[in-house]
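Colleague: Could you take me closely through one part of this model, the aromatic side chains and the helices that carry them, and then place that part among its surroundings? I would like a connected account rather than a list.

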Amino acid sequence: MSAIDNLPPLREVIATHELNARKSLGQNFLLDLNLTSKIARQAGDLTGCDVLEIGPGPGGLTRGLLAEGARRVLAIEKDSRCIPALAEVAAAYAGRLQVIEGDALEVDPLEHLTPPIRVAANLPYNVGTELLVRWLTPQQWPPFWTSLTLMFQKEVAERIVATPGSKAYGRLAILAQWRADARIVINLPPEAFSPPPKVSSAVVHLTALEEPRFPAEPAVLSRVVAAAFNQRRKMLRASLKGVAPDIEDRLLAAGIKPTERAEQVTLEGFCALAREIKKT
Ligand code: SAM
């Protein structure tokens with residue numbers, strides 16, 4: 001018996017259902033249920049919340065989320081081999097786990113979820129950043145989620161929480177920090193997973209802000225930041241030349257020196273510049 005429920009240990013689940021890890025699906029499983037519960041606790045108070053989980057695999061994190069009191073978990077898994085294992089979890093937590101077999105990039109989970117909604121996942125690395133960017137750039141703000149608790153390669157996690165002046169600072173940091181609080185809450189060595197990946201990992205917790213930290217038009221901010229960081233070694237007056245006419249004047253009006261480089265500009269600075277560009 002495992003520590004958190006009456007289901008078999010994850011090693012046994014994997015052996016029973018022959019879930020040998022597939023690299024093509026980014027499968028690095030968490031087998032320690034104490035650890036999956038710890039990650040679930042980082043997602044905040046789950047009582048009264050629906051949780052969207054992407055890539056439940058053999059169900060370690062799923063069980064953590066359910067044991068920590070999630071009202072319901074909706075789990076989207078691409079690997080059909082995992083579905084029978086997840087059905088056993090669903091039976092143990094009657095009425096609280098719904099599993100959809102499919103690609104998280106294609107399935108729209110919203111019709112199955114009731115707010116408040118938290119997202120928690122040990123993401124497949126090949127789709128993790130794309131999903132994060134989608135969740136951070138919805139049509140409407142506030143988004144459907146109140147928090148995201150996500151496993152990333154450490155290097156990606158560092159890009160999400162990066163501050164100006166650091167090498168990791170770029171589009172992902174701006175995108176994440178403009179409308180959310182983002183912090184790394186757990187660091188994990190490769191050995192925490194089976195099989196161990198080549199790199200270390202980290203869990204990032206993001207909480208959606210009610211309003212953006214600084215006003216700006218999303219499309220304009222996105223255009224400015226993309227152009228600035230595409231040529232991050234260039235001075236902004238050069239990298240942003242094609243974005244709007246009179247770029248030097250606009251940079252100055254936004255309080256940014258035209259000779260600065262993208263990585264020196266704060267989020268507040270980029271938002272001010274987006275507002276200056278929007279004026280025309
Ligand atoms: N959550 C499990 C855990 O922590 O042990 C498994 C994590 S493993 C890193 C990623 C999981 O995502 C695998 O189960 C994989 O099959 C699944 N997956 C990969 N690509 C997917 C996709 N596009 N949509 C949904 N699930 C996907």
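Modeller: I will begin with one ring, bearing in mind that this is a predicted model. Phenylalanine 229 has a relative accessible area of 8%, and because buried means under 20%, phenylalanine 229 counts as buried. Its partner, phenylalanine 270, is buried as well, with a relative accessibility of 0%. The centres of the rings of phenylalanine 229 and phenylalanine 270 lie 5.6 Å apart with their planes at 45°, and since an angle that is neither under 30 degrees nor over 60 counts as tilted, this pair is tilted. The pair joins distant parts of the chain, for phenylalanine 229 sits in helix H8 (residues 218-230) while phenylalanine 270 sits in helix H11 (residues 267-278), 41 residues apart. Nor do these two rings stand alone, as ring pairs link Tyr169, Phe229 and Phe270 into a cluster.

A search of the whole structure gives three aromatic pairs. One of them is formed by tryptophan 141 and tryptophan 145, whose ring centres are 5.8 Å apart and whose planes stand at 90°, so that this pair is edge-to-face. Tryptophan 141 and tryptophan 145 are both buried.

Phenylalanine 229 also takes part in the packing of H8 against another helix, H7 (residues 171-179). Two packed helices are described by the angle between their axes and the distance between those axes. For H7 and H8 the angle is about 150° and the axes are 10 Å apart; because an angle over 145 degrees counts as roughly antiparallel, H7 and H8 are roughly antiparallel to each other. The crossing of H7 with H8 is right-handed. On the H7 side the contact is made by Arg171, Ile174, Trp178 and Arg179, which meet Pro218, Leu221, Val225, Ala226 and Phe229 of H8. By character, the residues of this contact comprise seven nonpolar, no polar and two charged.

The later part of H8 has a further neighbour in serine 239, which belongs to helix H9 (residues 236-239). Leaving aside neighbours within four places in sequence, serine 239 is in contact with Ala227, Ala228, Gln231 and Lys234. With a relative accessibility of 6%, serine 239 counts as buried. Following the chain onward, one comes to aspartate 246 in the loop between H9 and helix H10 (247-253). Aspartate 246 has a relative accessible area of 53% and is exposed, and its phi is near 50°, a positive value in a residue other than glycine.

Elsewhere in the chain, some backbone details merit a careful look beside this part. Glutamate 18, in the loop between helix H1 (10-16) and strand E1 (29-30), likewise has a positive phi near 50° although it is not glycine, and at 61% relative accessibility glutamate 18 counts as exposed. The peptide bond from proline 115 to proline 116 is cis, with omega near -5°, and proline 116 is placed in the loop between E4 and E5. Another cis peptide bond joins serine 194 and proline 195, with omega about -10°, and proline 195 lies in the loop between strand E8 (193-194) and strand E9 (201-208).

Conventions: Residues numbered from 1 in each chain as written. Predicted model: local features only at pLDDT ≥ 70, side-chain atom pairs only at ≥ 80, totals over all residues. Heavy atoms only, no water. Phe/Tyr/Trp six-rings, centres within 6.5 Å; stacked < 30°, edge-to-face > 60°. Buried < 20%, exposed > 50% of the residue type's maximum accessible area, 1.4 Å probe, protein only. Helix = DSSP H or I, 4+ residues; strand = E, 2+ residues; numbered from the N terminus. Contact = heavy atoms within 4.5 Å. Axes fitted to C-alpha atoms, helices over the stretch in contact; angles between N-to-C directions. Parallel < 35°, antiparallel > 145°, perpendicular 65-115°, else oblique. Left-handed = near helix turned anticlockwise from the far one by under 90°. Nonpolar A, V, L, I, M, F, W, Y, C, P; charged D, E, K, R; others polar.
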